[in-house]
Amino acid sequence: MRTSDEASASATAAPRFGMAHAVVIVAFLAAAVILHLAARMTVRDVAVLLAAAGSIGVAVLLAANTRSGQRGGRRLLRRLLNAVLAPGTDR
């Protein structure tokens with residue numbers, strides 16, 4: 001059973017869903033609808049294109065935060081992998 005100190009510490013450390021997250025999700029959905037309707041792309045092609053764009057964004061983020069000899073990039077990569085592999089967990 002958690003104590004109130006542990007619960008408050010995990011609540012402050014947990015990332016919150018904010019406006020930036022909502023804008024990214026809405027932008028991806030809008031792009032998918034526009035590509036499907038205007039460009040006559042199949043849903044599969046749209047999903048592949050947006051997944052590739054998202055992975056390129058993550059690669060750019062990692063490249064910008066990785067500096068030779070510093071642990072910043074490794075820490076960011078570890079946090080990203082933890083977020084991907086354990087969605088919805090309470091940390």
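## A positive patch on helix H4

Let's start with Arg74, which is exposed, with a relative accessible area of 59%. The cut-off for calling a residue exposed is over 50%, so Arg74 makes it into that class. Keep in mind that you're looking at a predicted model here.

Where does Arg74 lie? Arg74 is part of helix H4. Together with Arg75, Arg78 and Arg79, Arg74 forms a positive surface patch.

## A nonpolar patch too

Helix H4 runs over residues 72–85, and Leu81 lies in it. Leu81 is partly exposed, at a relative accessible area of 44%. A residue needs over 30% to be in a patch, so Leu81 clears that bar with its 44%.

Which residues join Leu81 in the nonpolar surface patch? They are Leu77, Val84 and Leu85, and with Leu81 they make a patch of about 410 Å².

## The whole chain

Now step back and look at the fold. The protein chain has four helices and zero strands, and its pattern along the sequence reads α-α-α-α. How much of the chain is buried? Buried residues account for 7% of the 91 residues.

## How far to trust it

So what does the predictor's confidence look like? The average pLDDT for the protein chain is 74, and 68% of the residues score at least 70. The elements don't all score alike: helix H1 (residues 4–13) has the lowest mean pLDDT, 52, while H2 has the highest, 87. Where pLDDT is low, the predicted coordinates shouldn't be read in detail.

## The loop between H2 and H3

Have a look at Arg40, in the loop that sits between helix H2 (19–38) and helix H3 (43–65). What's unusual to spot in its backbone? Arg40 has a positive phi of about 55 degrees, although it is not a glycine.

Is Arg40 buried or exposed? Arg40 is exposed, because its relative accessible area is 72% and the cut-off is over 50%.

## Leu49 and Leu35

On to helix H3, where you'll find Leu49. Leu49 is partly exposed, with a relative accessible area of 42%. That class sits between the 20% and 50% cut-offs, which is why Leu49 counts as neither buried nor exposed at 42%.

How far apart are Leu49 and Leu35 in sequence and in space? They are 14 residues apart in sequence, and their C-alpha atoms are 9.8 Å apart in space.

Methods
Residues are numbered from 1 along each chain as its sequence is written. This is a predicted model: local features need pLDDT of at least 70, side-chain atom pairs count only at pLDDT 80 or more; totals for chains, interfaces and linings use all residues. Side-chain values use heavy atoms; hydrogens and water are left out. Patches are made of residues with over 30% relative accessible area and no salt bridge: like charges are joined within 9 Å, nonpolar side chains (Val, Leu, Ile, Met, Phe, Trp, Tyr) within 5 Å. Accessible areas come from the Shrake-Rupley method with a 1.4 Å probe; for residues, only the protein chains shown count as cover. A salt bridge is a side-chain nitrogen of Lys or Arg within 4 Å of a carboxyl oxygen of Asp or Glu. Helices (H or I, at least four residues) and strands (E, at least two) are DSSP runs, numbered from the N terminus. Buried means under 20% relative accessible area, exposed over 50%, partly exposed in between (1.4 Å probe, protein chains only). Lys and Arg count as positive and Asp and Glu as negative; His and the chain ends are not counted. The place of a charge is taken as NZ of Lys, CZ of Arg, CG of Asp or CD of Glu. pLDDT is the predictor's confidence in each residue, from 0 to 100.
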